[in-house]
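This briefing looks at one helix, its neighbours and the core they share. Please keep the sequence and the structure in view while reading.

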Amino acid sequence: EIYMNDSIYKLISNYPELKDILYEIGFVDIVKPVMLNTVGKLMNLEKGSKMKNIDIKMIKEKLEKEGFILKENI
């Protein structure tokens, strides 16, 4: 399980395989270490999907296909 409001930095720190998956989805800046270590600490999947104009439903489907369950924070 991963949470939508966790920072992208935290998600990738906990699940390094997410970096390639999120890159494929359209979060192309996460492969740049400086971006991941700065903006990635402030950005979460919900904010990032809005900023990159990526449908959150598509992100959820892709992550589920890869074995992750995307949940909203309580």
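In helix 5, which spans residues 45-52, the buried residues are Leu-45, Gly-48 and Ser-49. They lie on the same side of helix 5, because they cover an arc of only 100 degrees around its axis. The model is a predicted one.

**The two sides of helix 5**

- An α-helix has 3.6 residues a turn, so residues three or four places apart point the same way.
- On the face turned away from the buried side, helix 5 carries the exposed residues Lys-50 and Met-51.
- The packing partners of the buried residues of helix 5 are helix 1 (8-14), helix 2 (18-25), helix 6 (56-65) and strand 2 (70-71).

**The ends of helix 5**

- Where helix 5 starts, Asn-44 places a side-chain oxygen within 3.0 Å of the backbone nitrogen of Glu-46.
- Asn-53, just after helix 5, has a positive phi of about 55 degrees.

**Helix 5 against helix 6**

- The axes of these two helices, helix 5 and helix 6, come within 10 Å and cross at roughly 125 degrees.
- That crossing angle makes helix 5 oblique to helix 6, because an angle counts as oblique when it is neither under 35 degrees, nor over 145, nor from 65 to 115.
- Helix 5 makes this contact through Leu-45, Glu-46 and Ser-49, and helix 6 through Ile-56, Ile-59 and Leu-63.

**The nonpolar core**

- Which residues have the most contacts inside the largest nonpolar core? They are Ile-8, Leu-18, Leu-22, Phe-27, Leu-45 and Leu-63, in a core of 19 residues.
- At least two residues of this core come from each of helix 1, helix 2 and helix 6.
- Helix 2 gives the most to the core, namely 4 residues.
- Leu-18 is in contact with Ile-2, Leu-11, Ile-12, Leu-63 and Phe-68, when its neighbours within four places in sequence are left aside.

**Asp-6 in its loop**

- Asp-6 sits in the loop between strand 1 (2-3) and helix 1.
- Is Asp-6 buried or exposed? Asp-6 counts as buried because its relative accessibility is 16%, and the cut-off for buried is under 20%.
- Not counting residues up to four places away in sequence, Asp-6 touches Leu-11, Met-43, Asn-44, Leu-45 and Asn-73.
- Two of these names appeared above: Leu-45 is one of the buried residues of helix 5, and Asn-44 is the residue whose side-chain oxygen reaches towards Glu-46.

Conventions
Residues numbered from 1 in each chain as written. Predicted model: local features only at pLDDT ≥ 70, side-chain atom pairs only at ≥ 80, totals over all residues. Heavy atoms only, no water. Buried < 20%, exposed > 50% of the residue type's maximum accessible area, 1.4 Å probe, protein only. Arc of directions from axis to C-beta. Contact = heavy atoms within 4.5 Å. Polar contact = N/O pair within 3.5 Å; in protein donor to acceptor, adjacent residues only side chain to side chain. Core = buried A, V, L, I, M, F, W, Y, C linked by side-chain atoms within 4.5 Å. Axes fitted to C-alpha atoms, helices over the stretch in contact; angles between N-to-C directions.
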